Amino acid sequence: MKKQTLLAAMSLAFLSAYGVAAPAEKAAAVEQLKPAAQQTQAALWASRVLSRYHYKAQPLDDAMSEKIYDRYFKSLDAEKLFFVQADLDKYAGAKAKLDDAIVGENLQMPFDIYNLYQQRFNERIGYARELLKTKPDFTLDESYQYDREKAEWAKSDAEVKDLWRKRVKNDWLRLKLAGKDDKAIRETLDKRYENYLSRSRKLNGEDVFQIFMNAYAMSIEPHTNYLGPRASDNFDIQMRLSLEGIGAVLQTRDEYTVIREIVTGSPAGMSGKLKVGDRIVGVAQGDNGPVQDVLGWRIDDVVQQIRGPKDSKVRLQVLPGDAGPDAKPVVISLVRKKISMEEQSAKKSIMEVKDGNVKRRIGVISLPTFYQDFEARRRGDKDYKSATRDVARLLGELKKDKVDNVLIDLRNNGGGSLTEAVELTGLFIDKGPVVQQRSAEGRVEVEQDTIPGLAWDGPIGVLINRGSASASEIFAAAVQDYGRGIVIGEPSFGKGTVQTLISLDRFAQDKQRLGELKMTVAQFFRINGGTTQLRGVTPDIKLPQLTDAENFGESSYDNALPYTVIKPAVYIPAGEVKDIIPLLTKKHEARVAKDKDFQFLVEDVNYVKKQRKENLISLNEKERRKERDEQEARAKQRDARLAAAPSADDPILVPDAKDAAKNAVAAKPAGAKQAKQAAAAVKGASRTDDGLQGDERSLTAELEAEQAAKNAKDVLLLEAVHIMADEVGLLKTDTRLASRVLPYAPDR
């Protein structure tokens, strides 16, 4: 689990996963959820598949039952803020019986455990609201452990109440330091805690079943999951990057479904009738279907109503964003179309870097995921969506733009299609093996690039971080093993396993939907015989490690597969970069030693590491004000640096040629206005803690902060671009080096 920074809002782990808003229902009784018949079927068939065909197949027995028991409780209460040890003891008898519950098709026990969790949740939040009637003493020398994932369960009700007393005290103090008075603090926190209850009440049996089944699946191996019918649909959408709907991104704020973003060219955008901030209060199907009131609904239920077949009609009852709650809704009719999720598609940009008296043009391709529309490809659709096809097109455009080097940015790319990883690698090598797969039976298969020729024969770099996983690691490892390019960044995630989707619907009675298993069926290995499992890809040139490897990445899982090696594949290296890496590293180290922005980043990384290690936050107001003042002083120092004119050596973003006529500055260095905008962007992105959570701020403020974060200076990307420019300079001036690094294109 990724850790939060010291003053970050400490949201409930369970609610963050299923955070959907609902209206306040203070007097509502806790609903006792029960398993459905199709869920008991799904659990039984899932157990049969997992125990026979998983790469790490394990019997569903008493030993597995104990693992499920422990993981289920932790899944419900990751920060150990609701259950006490007595609650676990109450169900100690179930520890070795959850296997029997699955095989015997009786899941009442895990649902009973959830119902107890819901009871404890209501009790703890109720106690937190009671505490708001008093006023905390901020002169005491107290501290709060904000990350309790590895803590012991509270031994008593008094102990867990003290945890909540400190949690409420911290919430109060954050708002107090942000300038709110006691009355405003009480109102803000009471509404916050009531929203916790409202969201929790909207969880249903499908949610509970999915949590339980994932406790089972992930007890076998970290990347095995159960996907309920709705989760399965969403996973399919993410892979093909398209859906059929109106093209509006929705969010829940209080009891309203609010339009957060409108996709350009979509039915919502083309109509001109919907605006960001508008609230959807009713949905109807077709021309005459009855209007369904969706006020207070879960966001995914509203989305389900709005999505539908292409060319079908949906009618929305909408309250304009600037209208009062008693205003009359307007009815907007839209025809659904296929919506392409371009935000997650590959994108390119060009950066210009001064190298003495010349300029180096570096093409940057950002790839958020390895996507493919499997169904469209199977049908033979010539325009099917594919990461490789998009990158190939962008490379063609970069060739026309006469770039000197290409950087593939795979930061936070968690993977996707294995086929896409192989085919993308094929754009940069002539022919040959890309990755090896070993099945549970020990059979090794080599995935090959069989298409001769290259889409790009010049130098390349790959930028990775801890969030680069799976298919990203296959690509980066292949580039590294072939000597085809330079890998830059921090060690990657370390996921060296292959998953496949198995539909459980084939086993269903009466055509019920049982969901899918995303199940590990193989382990992949580099062509050099090593694996990225557990260790990840080690960069050739390392940048500051922003994440906590102990708590994020494959090595943070207690049941990850071990690191192993197999026989290397037969392949011919495409180049030899070992001679150039020391030269680039030397230039890199000399440059960042003088780069104030880079040094600020290093300071921030060290500061966060110190916070994580201490895992405590002071509840003394004087001490916290001192910490805040120190942080603000650091922020002012950065703002002063950003307000200054950019260095002549800073990479300059070259506007897209299509926009050149509209952009007078073109590729010129940013002037005073641009520098001021950049400074404001970073200042907004690193704003002083206001003590609020996301939906407690205005939508306008949230969107402005997100845009500021997007506009903030990406220090690591700029340094990677510098490294790419350095490589071009070395290859241009040393023909011997160029012939070793780029045998495909020695004339570059």
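Q: Which residue stands opposite Val 358 in strand 12?
A: In this predicted model, Asp 355 stands opposite Val 358. The two residues belong to a hairpin of strand 11 and strand 12 with two residues between the strands, where Gly 356 takes a positive phi near 70 degrees.

Q: What makes strand 11 and strand 12 a pair?
A: Two strands pair if at least two bridges are found between them. Nine bridges join strand 11 to strand 12, so the criterion of at least two is met. The two strands run antiparallel.

Q: How do you know that strand 12 also pairs with strand 13, and in which sense do they run?
A: Five bridges join these strands, and the pairing criterion asks for at least two. Strand 12 and strand 13 run parallel, with Val 364 opposite Leu 407 of strand 13.

Q: What makes the pairing of the seven-stranded sheet mixed?
A: The sheet is open, and its strands follow the order 20-17-16-13-12-11-22. Strands of a sheet may pair either parallel or antiparallel. Here strand 11 and strand 12 run antiparallel, whereas strand 16 (residues 460-464) and strand 17 (residues 486-489) pair in the parallel sense over four bridges. The pairing is therefore described as mixed. Within the parallel pair, Leu 463 stands opposite Ile 488 in strand 17.

Q: Which helices pack on this sheet, and which strands do they touch?
A: Helix 14 (residues 387-400) touches strand 11, strand 12 and strand 13, and its direction makes about 35 degrees with that of strand 11. Helix 22 (residues 715-733) touches strand 11, strand 12, strand 13, strand 16, strand 17 and strand 20. The direction of helix 22 makes about 130 degrees with that of strand 12.

Q: Why is helix 6 called roughly antiparallel to helix 8?
A: The axes of helix 6 (residues 108-131) and helix 8 (residues 182-201) come within 10 Å and cross at roughly 170 degrees. Angles over 145 degrees count as roughly antiparallel, so helix 6 is placed in that class relative to helix 8. Among the residues making the contact are Tyr 114, Phe 121 and Ile 125 of helix 6, and Tyr 193, Tyr 196 and Leu 197 of helix 8. By class, the contact has seven nonpolar, three polar and three charged residues.

Q: What makes the contact of Glu 696 and Arg 192 a salt bridge?
A: The side chains meet at 2.7 Å, N to O, and the cut-off is 4 Å; the pair therefore qualifies. Glu 696 lies in the loop between helix 20 (672-685) and helix 21 (699-711), and Arg 192 lies in helix 8, 504 residues apart. The structure holds 60 salt bridges.

Q: Where does pLDDT stay under 50?
A: The chain averages a pLDDT of 89, and 90% of the residues score at least 70. However, pLDDT stays under 50 over residues 1-28 and over residues 660-686. Where pLDDT is low, the predicted coordinates should not be read in detail.

Definitions and conventions. Residues numbered from 1 in each chain as written. Predicted model: local features only at pLDDT ≥ 70, side-chain atom pairs only at ≥ 80, totals over all residues. Heavy atoms only, no water. Contact = heavy atoms within 4.5 Å. Axes fitted to C-alpha atoms, helices over the stretch in contact; angles between N-to-C directions. pLDDT = per-residue confidence, 0-100. Parallel < 35°, antiparallel > 145°, perpendicular 65-115°, else oblique. Nonpolar A, V, L, I, M, F, W, Y, C, P; charged D, E, K, R; others polar.
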